[in-house]
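Some terms used for a fold and its ligand site rest on fixed cut-offs. The turns below ask how each term is earned.

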Amino acid sequence: MEIDKAVKECDDSRLKTKYTNAIYVIKRALALYSIQEVAFSFNGGKDSTVLLHLLRAVYFLHKAEERISQDVSDGENIFPIRTIYFETTNAFPEINSFTYETAASYNLQMDIIRLDFKSGLEALLKANPIRAIFLGVRIGDPTAVGQEQFSPSSPGWPPFMRVNPILDWSYRDVWAFLLVCKVQYCSLYDQGYTSIGSIHDTVPNALLCIRNRNNSEEKFRPAYLLPDGRLERAGRVKKYTSPVCGQLSSVSNGLKIEDLNSNSMLTASIIAVGDEILFGSVEDKLGSVLCRKLHSIGWAVSLLVVTRNDIDSVAEEVESRKSTDDMVFIYGGVGPLHSDVTVAGVAKAFGVRMAPDEVFEEHLRHLIGEKCTGDKNEMSQLPEGIAELLHHEQLPVPLIKCCNVIILTATNGPELDLQWDCLIDSLKSNGDLVLMAPFVSKCLATTLSDVEVAEPLSKICLQFPDLYIGGYRGSRKGPLMIRFEGKDLTRIEAASQSLCQKFQPGAFSETK
Ligand SMILES: Cc1cc2nc3c(=O)[nH]c(=O)nc-3n(C[C@H](O)[C@H](O)[C@H](O)COP(=O)(O)O)c2cc1C
Ligand SMILES: Nc1ncnc2c1ncn2[C@@H]1O[C@H](COP(=O)(O)OP(=O)(O)OP(=O)(O)O)[C@@H](O)[C@H]1O
Ligand SMILES: [Mg+2]
């Protein structure tokens, strides 16, 4: 069969693996359900076009085997799986005509349903013995969250098995397949549409736009040239917000450059992951550097913790901090080792699974080579639907941002300096960073005892609730340090003068 031959003869090993797995899922479904008990949900979209040809491949491979064993002739070429199309008045005419033309070309027995999905499926299941429906749902689709290759329909839906043979296919895999097999696809994809909904919510993907010199004419490149498959839905007008992190993305995506004098406080927490820090064998030096960096952009650090290299421990910390703080920084435990569970822990904290990310994989391939890549490359798996890559020309591998959680891969000070600078650049250019008025501070040293200073100092704290006023010592015998931190230097001056006035002149001296 031409599809099977085209894939097997191509030199795209990743596509071959995806193809083999999808064929296996279809065969499993056909072993579990009879041909009368299955249906194929086809809508002329690219994903369902891929699925159509995979189903055809399985059918023709099966027929070829039968012919060999039973010596049967070709007979009529009707595709035996019932095909259902939910036709709406809001569909693009190009989608409609492609669906009908395809049905005619491949002898599909197509049921046209003009009801909403749920009522249509109820009617379909009442009239037919259907128990399983093949869908072209893929990881990254809003409806894919929580689905497996075999997923029962959701509660409240008529009972059937959703079979998703291309669930783990990426945008790139879909286009590799369609191009390698040289099959027809809907013409809209050649006009810059990358994912097609209704005429009311779908426009060409702006990332494929090319303008002529004087900006007067807009043209779009074909869908298969979109470099980052994650952006396939950028042409959907109504922006999708994940239910899992919707609330948080409004924090992170709604970020803007704030008034530098604003009194509002943004907080971050820092999570270091490392058993060796907890054993005492390694010292965490990055936490304090990160605190200073956050301070320098006016952010307050509310917590700095060390947690174990354990998915549940990481997930627990991230889960509690992501809703408490505006940003969470996590480092340590990122890589291919058994103990590198940080990214998976972040996924767990958001209640999403890990899914392959082809763009990230491409970066890893450049860095580490083919050895680390391929179908089972764990390092290229990122939290599904929430991972954003922060690219920067100075970083060989982009940083990973999941809603308001930033995953850093730095292992020492200089690496952290670089990642921090790139992070700030990248967040700024996305409009995803609130620059706050930086903190300013003043430190006074005194030989007065703690007891003498305690009461007047606590009164000053009440008088200046907008400042952080703290005392510490370098040693029990050495001077007592009083530090005033805040965003307003005049308030800091007022508070420190107020303290000095309560004691003999010269009792305090300013220090670093
Ligand atoms: C055959 C079929 C079965 C579906 N089964 C379910 C289901 O079990 N649960 C559910 O929430 N949605 C189900 N849906 C609806 C889809 O999840 C989704 O809402 C629909 O494909 C619209 O996607 P769009 O908003 O990207 O156009 C089903 C849709 C189809 C076509
Ligand atoms: N109107 C419909 N009729 C039949 N099946 C549908 C319809 N809408 C969606 N589906 C099923 O849901 C799957 C996922 O839809 P989705 O829109 O994500 O993919 P697609 O339409 O195939 O491709 P694209 O993402 O480019 O629009 C489809 O592949 C198809 O199996
Ligand atoms: Mg679609």
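The questions and answers that follow concern the sheet and the ligand site.

This is a predicted model, in which local features need pLDDT of at least 70, side-chain atom pairs count only at pLDDT 80 or more, and totals for chains, interfaces and linings use all residues. Residues are numbered from 1 along each chain as written, chains are lettered from A and ligands numbered from 1 in written order, and side-chain values use heavy atoms, without hydrogens and water.

Q: What makes strand 2 and strand 3 a pair?
A: Two strands pair if DSSP finds at least two bridges between them. Strand 2 (residues 79-86) and strand 3 have five bridges, in the parallel sense, so they meet the definition.

Q: Why do strand 3 and strand 5 stand at the edges?
A: The open sheet has six strands in the order 3-2-1-4-6-5. Strand 3 (108-113) and strand 5 (150-152) each have a single partner strand, so one side of each lacks a neighbour in the sheet.

Q: What makes the approach of Ser48 to ligand 2 a polar contact?
A: A polar contact is a pair of N or O atoms within 3.5 Å; within protein, one must be able to donate a hydrogen and the other to accept it, and residues adjacent in sequence count only if both atoms are side-chain atoms. A backbone N or O atom of Ser48 lies 2.8 Å from an oxygen atom of ligand 2, so the pair qualifies.

Q: What about Asp141 and ligand 2?
A: A polar side-chain atom of Asp141 lies 3.4 Å from an oxygen atom of ligand 2, and Phe86 places a backbone N or O atom 3.0 Å from a nitrogen atom of ligand 2.

Terms used:
Helix = DSSP H or I, 4+ residues; strand = E, 2+ residues; numbered from the N terminus.
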